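Me: I should like to go through this structure by question and answer, with the terms defined as they arise. Please begin once the sequence and the structure are shown.

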Amino acid sequence: MSAPVAGVIDLVREDLRAFGGYRSARSERVDGQVWLNANESPWANPADADATARRYPDPQPADLRAALAALYGCRPEQLLAGRGSDEGIDLLVRALCTPGQGAIVVTTPTFGMYAVVARVQAARVVDVPLDDGADGFTCDFDAVAEAAERAQARLVFLCSPGNPSGTALPLPRIAALARRLAGRAVVVVDEAYGEYASGPSAVTLLDAHDNIAVLRTLSKAHALAAARVGAVIAHAELIAVLQRCQAPYPLPQPCVALAMQALSPPSLATTRERIVTTIMERDALRVALSATPGVRRAYPSQANFVLARFDDAQAAWDALLASGVVIRDFRATPRLGDALRITIGTPEQNALVLETLRGVREAAA
Ligand SMILES: *Cc1c(COP(=O)(O)O)cnc(C)c1O
């Protein structure tokens, strides 16, 4: 058991601190052989060959929680599994921001879901834009702290490595921000691309800072986006509050089974191989893009994509589309009016991207 820490619980909405959530049939701790308590069918559906879908699933399967905790380096009670890290973002905003009063801090350009979820909760979004400098995008941590204090924001969303910036934030700065905002705000570190980064996870800061929450997911490096399995990792008391705000049966049993397979040692070994390949391809693509005429700038990346600015982004976009390659257009994002984001594909796909972009300039010349 972790020692009770007053700090982080004081950040939960006052009206939710004593909230018990929904008591499902699965939450009763009783035992028996004939289960007639949840209005489930006593017969299996013939489509359900191994008869595992008849009953409601465990809300937080202990084996999944243990496997994810082992993978990410925390204790099981510090981890809540949910429907992707998107659900984690949603739970944090709903539990910490009083509708119509709360505020969050984001650092644009960043993942759009933080602002979407805040909008749904009628929480204010305070933006402290990343600085675009010689080392790529960097975070002004002092400005973030001041903005959070001024707005009395309960949540600061940091994305590291950043989407779409590609930069990883220094852990000592994240720790210092958490220390400064202790008792005032939770610093959320979204590590959706953590597997592709060279540095350690912010999970290592959890024991020293009760107001850090880390988001992880099986959607990217683990290649399971359709299974919708992600995790929030935070102080055990905050995790307990988030679970009470979560849907009663958030994890479909087939998805849990798939995730457990993916977390077995042989599957994890292949995942590590894919990550190594992706990192090599990413670094090679960035170097090659930087030397490609028409590419103004290819940003350094610690993730599985490269953000690049183009002299003529429309021509690059059109040429790639003509080759059948779809990338992400960031031209509608402030300060990224000439930028496109290219996800790292297979070596063949990345070669096609390069070949196509090299052709753009030749065609124009
Ligand atoms: C893709 C992505 C997510 C969403 O992950 P899910 O686990 O699939 O919900 C979260 N954060 C960032 C920054 C992402 O890019």
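**Salt bridges, a helix pair and two loop residues**

Reply: Asp132 and Arg297 form a salt bridge in which the closest N and O atoms are 3.4 Å apart; a salt bridge is a side-chain nitrogen of Lys or Arg within 4 Å of a carboxyl oxygen of Asp or Glu. The model is predicted: local features need pLDDT of at least 70 and side-chain atom pairs count only at pLDDT 80 or more, while totals for chains, interfaces and linings use all residues. Residues are numbered from 1 along each chain as its sequence is written, and side-chain values use heavy atoms, with hydrogens and water left out.

Me: How many residues apart are Asp132 and Arg297, the pair that links distant parts of the chain?

Reply: Asp132 belongs to strand E4 (residues 131-133) and Arg297 to strand E10 (residues 295-298). Helices (H or I, at least four residues) and strands (E, at least two) are DSSP runs, numbered from the N terminus. The two partners are separated in sequence by 165 residues.

Me: Which class of accessibility does Asp132 count as?

Reply: Buried means under 20% relative accessible area, exposed over 50%, and partly exposed in between (1.4 Å probe, protein chains only). The relative accessibility of Asp132 is 35%, and that of its partner Arg297 is 24%, which also counts as partly exposed. Asp132 is therefore partly exposed.

Me: Which residues do salt bridges that share partners join into one network?

Reply: Arg296 forms a salt bridge with Asp311, with closest N and O atoms 3.0 Å apart. Because Arg296 lies in strand E10 and Asp311 in the loop between strand E11 (305-310) and helix H10 (313-322), this pair ties together parts 15 residues apart in sequence. Salt bridges with shared partners join into one network the residues Asp132, Arg296, Arg297, Arg309, Asp311 and Asp338.

Me: Is Glu87 buried or exposed?

Reply: Glu87 forms a salt bridge with Arg83, the closest N and O atoms being 2.4 Å apart. Arg83 is partly exposed at a relative accessible area of 36%. The relative accessible area of Glu87 is 7%, so this residue is buried.

Me: What is the orientation of H3 to H7?

Reply: The axes of helix H3 (residues 84-96) and helix H7 (residues 236-245) come within 9 Å and cross at roughly 95°. Axes are lines fitted to C-alpha atoms, for helices over the stretch in contact, and angles run from 0 to 180 degrees between N-to-C directions. Angles under 35 degrees count as roughly parallel, over 145 as roughly antiparallel, 65 to 115 as roughly perpendicular and the rest as oblique. H3 is therefore, relative to H7, roughly perpendicular.

Me: Which residues of H7 make the contact?

Reply: Contact means heavy atoms within 4.5 Å. On the H3 side, the participants are Leu91, Leu92, Arg94, Ala95 and Leu96. From H7 come Leu238, Val241, Leu242 and Cys245.

Me: How far away from Asp48 is the nearest side chain of opposite charge?

Reply: Asp48 lies in the loop between helix H1 (6-9) and helix H2 (62-72), and its side chain reaches the backbone nitrogen of Thr52 at 3.2 Å. Lys and Arg count as positive and Asp and Glu as negative, whereas His and the chain ends are not counted. Asp48 is buried yet has no salt bridge, and the nearest side chain of opposite charge, Arg54, is at 6.8 Å.

Technical notes. A polar contact is a pair of N or O atoms within 3.5 Å; within protein, one must be able to donate a hydrogen and the other to accept it, and residues adjacent in sequence count only if both atoms are side-chain atoms.
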